[in-house]
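Reader: Hi, can you walk me through this fold? Short answers, please.
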Amino acid sequence: MKLYRLTASEAGPTKLFVGGLHGKEGLYTAPILEQLAKDVVYAGKAIIVPCLIEHGKYVDVLSEEYYRSRAGIELLQLIENYKPHFYFELHAYGKHSYSGLTDPERELRIGVPPFVDCGTGILLGSIAPILRRKFSERSFCVTIEVPNWKSEDENVRAEVLRVLRLALSKAKREEVMEVLRRWYPAQMQKAEELFRQYYRNKLKAF
Ligand SMILES: [Zn+2]
C-alpha cells in the first residue's frame, strides 16, 4: 500500500485521504489521489493513500464484514494510527449504481441516506455509520464517489481535485464547508439536511 505524508510547517489538523477501498475502484481513484499528493498548498498534516487495496474483493463498506476484511482492517489501523480530524474517502462507481446511490428512498431501503450529485455525476455524502463511530463528534468525514466511466474526463477529474484540494488546504472544517456551500448551494443544503436527519442533530455535517 502506497502512502504519502505531507506535513506543513505550521501545525494544523491531521487529514486522511483514502481511495480504492474495494474491488477495482483504485484504478480510478489512484490517479486522482496521486495528483493530490503532489500539491504544495496544504494545512496541517496529510496522509494520502491512493489505493487501499488493488483488485480486492468487493465488500460493501456499509457492512460489518468489510471491517473484518484485509482492506477494512488496514483502514481501521490507519485511522487508529493517525487519528485524523479530516477523513475523505474516495470511491468510484459504475453507471448502473447511480440510481441506487442517489435514491431518495435509500434510507428506507438500506438504512443510510442517499448521496447528492454535485452536478457532473460526482457524488458527495457521509461515510459508513459503522466507521463514523470511530471518529469524534468534531471530526469531518466525507465520502466522494467518482463516476468511473468519466474518471478520465478532464472536467470531472478537475472537479474532484478541486474539492480534495479545498480540504487539503484549509485548517478548519467550517472553512471547507463554507466554500462547498458556495460552490454547490442546493446540493450542500440537501446533503446537510440528510445528514442532520440521519444523525438526529447529534452530529454536525459531516
Ligand atoms: Zn467504493
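Author: Sure. This is a predicted model. An open sheet has seven strands in the order 1-3-2-4-7-6-5, and the pairing is mixed.

Reader: Which strands stand at the edges?

Author: Strand 1 (4-7) and strand 5 (116-117). Each has a single partner strand, so one side of each has no neighbour in the sheet.

Reader: What holds strands of a sheet together, in general?

Author: Strands of a sheet pair through backbone hydrogen bonds, either parallel or antiparallel.

Reader: How many bridges join strand 1 to strand 3?

Author: Four, and strand 1 runs antiparallel to strand 3 (residues 45-49). Within that pair, Arg5 stands opposite Ile47 of strand 3.

Reader: Which strands does helix 6 touch?

Author: Helix 6 packs on the sheet and touches strand 2 (14-19), strand 3, strand 4 (86-93) and strand 7 (140-147). The direction of helix 6 makes about 170° with that of strand 7.

Reader: New topic. At what angle do helix 1 and helix 6 cross?

Author: Roughly 45°. The axes of helix 1 (residues 26-37) and helix 6 (residues 154-169) come within 10 Å. The 35 to 65 degree range counts as oblique, so helix 1 is oblique to helix 6.

Reader: Is that crossing left-handed or right-handed?

Author: Right-handed, for helix 1 and helix 6.

Reader: Which residues make the contact?

Author: Helix 1 gives Ile32, Gln35 and Leu36. Helix 6 gives Arg157, Val160, Leu161, Leu164, Arg165 and Leu168.

Reader: And by class, what is in the contact of helix 1 with helix 6?

Author: Six nonpolar residues, one polar and two charged.

Technical notes:
Residues are numbered from 1 along each chain as its sequence is written. This is a predicted model: local features need pLDDT of at least 70, side-chain atom pairs count only at pLDDT 80 or more; totals for chains, interfaces and linings use all residues. Axes are lines fitted to C-alpha atoms, for helices over the stretch in contact, and angles run from 0 to 180 degrees between N-to-C directions. Helices (H or I, at least four residues) and strands (E, at least two) are DSSP runs, numbered from the N terminus. Angles under 35 degrees count as roughly parallel, over 145 as roughly antiparallel, 65 to 115 as roughly perpendicular and the rest as oblique. A crossing is left-handed if the near helix is turned anticlockwise from the far one by less than a right angle, and right-handed if clockwise. Two residues are in contact if their C-beta atoms, placed from the backbone, lie within 7 Å. Ala, Val, Leu, Ile, Met, Phe, Trp, Tyr, Cys and Pro count as nonpolar, Asp, Glu, Lys and Arg as charged, and the others, Gly among them, as polar. Two strands pair if DSSP finds at least two bridges between them.
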